[in-house]
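Work through these exercises with the model open beside you. Each one sets a task and then solves it step by step.

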Amino acid sequence: MTDMTEKSGSVEGEHVREGKYARVERERRFLLAGPPSPSSAVAVRSITDRYLVGTRLRLRCEERPDLDARTYKLTQKVPTELPGPVQGLTTNIYLSPDEYRLLASLPAAVLVKTRFSVPPLGVDVFGPPLHGLVMAEAEFTDDADAEAFAPPPECVAEVTDDARFTGGSLVRASRSEVLAWLAAYGIRPDSPTG
C-alpha cells in the first residue's frame with residue numbers, strides 16, 4: 001500500500017493510501033511545439049473536462065466521433081508532493097447520461113481538448129482559450145518503466161514536475177499566462193515556426 005501526502009489545494013497533513021477504490025497514477029508529461037499529424041493517431045477523442053468548483057472532482061465527457069460513442073465519468077484526483085512520475089491517486093466513477101447532466105449543472109471551470117492517441121503517447125491539443133498548447137503524456141504501471149521511458153524527439157520539454165501544466169491549474173489559467181509559460185520553454189505557438 002502506498003502512502004502519499006497531497007499537493008496544494010488539499011487538507012494539510014492529510015494522507016492518502018492506495019487501495020481497492022483508488023489507484024496510483026503514474027505519468028510523465030511533455031510539451032510539444034505543435035499537434036501530431038491526424039494520420040498518426042490510432043484514435044481521436046474530444047474531451048470536455050468540468051472541474052467542479054470547491055472540490056477535487058473532475059467531470060468528463062469524452063466523445064469518439066468515429067464510433068458515435070460518448071463516455072461520462074467523475075474523477076477524483078488526490079495529488080502527491082512526491083517528485084517524478086507518481087502523480088497521486090485517482091478514482092473514477094462511470095456515469096449514465098442523466099447522472100452526467102445532473103452533475104454538469106454544478107458550477108465548474110471548463111477545459112476543452114482533443115486527444116490524439118499516438119502510442120506511446122496521448123497528445124492533447126487544447127481548445128480556446130488555451131489554443132496553441134499541445135501536451136503529451138505517457139502512463140505507466142510501475143516506477144521502473146516510468147523512469148526508463150525515453151520520450152520521442154517531438155517532445156520539446158518535460159513538464160512532469162511543473163504544476164502549472166496540470167489540468168487543475170490550466171483550467172484557471174489565461175491564454176496570456178499559458179503563452180508566457182510556453183515561451184519559458186522556447187515554444188511560441190503564435191510565431192510562424194511554432
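**Exercise 1. Pairing in the sheet**

Which residue in β6 is the bridge partner of E62?

Before solving, note the ground rules. This is a predicted model, in which local features need pLDDT of at least 70, side-chain atom pairs count only at pLDDT 80 or more, and totals for chains, interfaces and linings use all residues. Residues are numbered from 1 along each chain as its sequence is written, and side-chain values use heavy atoms, with hydrogens and water left out.

Solution.
- Step 1. Find the strands. Strands (E, at least two residues) and helices (H or I, at least four) are DSSP runs, numbered from the N terminus. Strand β5 covers residues 57–64, and β6 covers residues 69–79.
- Step 2. Check that they pair. Two strands pair if DSSP finds at least two bridges between them. Here eight bridges join β5 to β6, and the two run antiparallel.
- Step 3. Read off the partner. E62 bridges to T71 in β6. L59 bridges to L74 in β6.
- Step 4. Look at the turn. Four residues separate the strands of this hairpin, and D68 takes a positive phi near 50 degrees.

**Exercise 2. Extend the sheet on both sides**

Trace the strands that pair with β5 and β6, beyond their pairing with each other.

Solution.
- Step 1. Start with β4 (residues 43–52). Six bridges join β4 to β5, and they run antiparallel.
- Step 2. Pick a residue pair. T48 has C61 in β5 as its bridge partner.
- Step 3. Inspect the β4–β5 hairpin. Four residues lie between its strands, and G54 has a positive phi near 80 degrees.
- Step 4. Move to β7 (residues 86–95). Eight bridges join β6 to β7, again antiparallel. Q76 stands opposite T91 in β7.
- Step 5. Ask how enclosed β5 is. Buried means under 20% relative accessible area, exposed over 50%, and partly exposed in between (1.4 Å probe, protein chains only). Six of the eight residues of β5 are buried, so β5 is largely enclosed by the rest of the structure.

**Exercise 3. Two buried arginines**

Find the side-chain partners of R64 and R26.

Solution.
- Step 1. Set the cut-offs. A polar contact is a pair of N or O atoms within 3.5 Å; within protein, one must be able to donate a hydrogen and the other to accept it, and residues adjacent in sequence count only if both atoms are side-chain atoms. Contact means heavy atoms within 4.5 Å.
- Step 2. Take R64, in strand β5. R64 is buried, because its relative accessible area is 17%. Its side chain makes a polar contact of 2.7 Å with the side chain of D66. Not counting residues up to four places away in sequence, R64 touches A43, V44, R45 and A69.
- Step 3. Take R26, in strand β3 (residues 23–32). R26 is buried too, at 15% relative accessible area.
- Step 4. List the partners of R26. A polar contact of 2.7 Å joins its side chain to that of D143. The R26 side chain also reaches the backbone oxygen of T141 at 3.2 Å.
- Step 5. Check the separation. R26 and D143 are 117 residues apart along the chain, yet their C-alpha atoms are separated by 7.5 Å.

**Exercise 4. Cysteines and rings**

Count the disulfides, then examine the aromatic pairs.

Solution.
- Step 1. Apply the rule: a disulfide is a pair of cysteine sulfur atoms within 2.5 Å. The count is zero.
- Step 2. Check burial. C61 is buried, at 8% relative accessibility. C155 is buried, at 12%.
- Step 3. Define a ring pair. Rings of Phe, Tyr and Trp (its six-membered ring) pair if their centres lie within 6.5 Å; planes under 30 degrees apart count as stacked, over 60 as edge-to-face and the rest as tilted.
- Step 4. Count them. The structure holds five aromatic pairs. One of them, Y72 with Y100, is tilted, at 4.6 Å centre to centre and 35 degrees between the planes.
- Step 5. Place this pair. Y72 sits in β6 and Y100 in helix α1 (residues 97–104), 28 residues apart. Both tyrosines, Y72 and Y100, are buried.
- Step 6. Find the cluster. Ring pairs link F30, F140 and F149.
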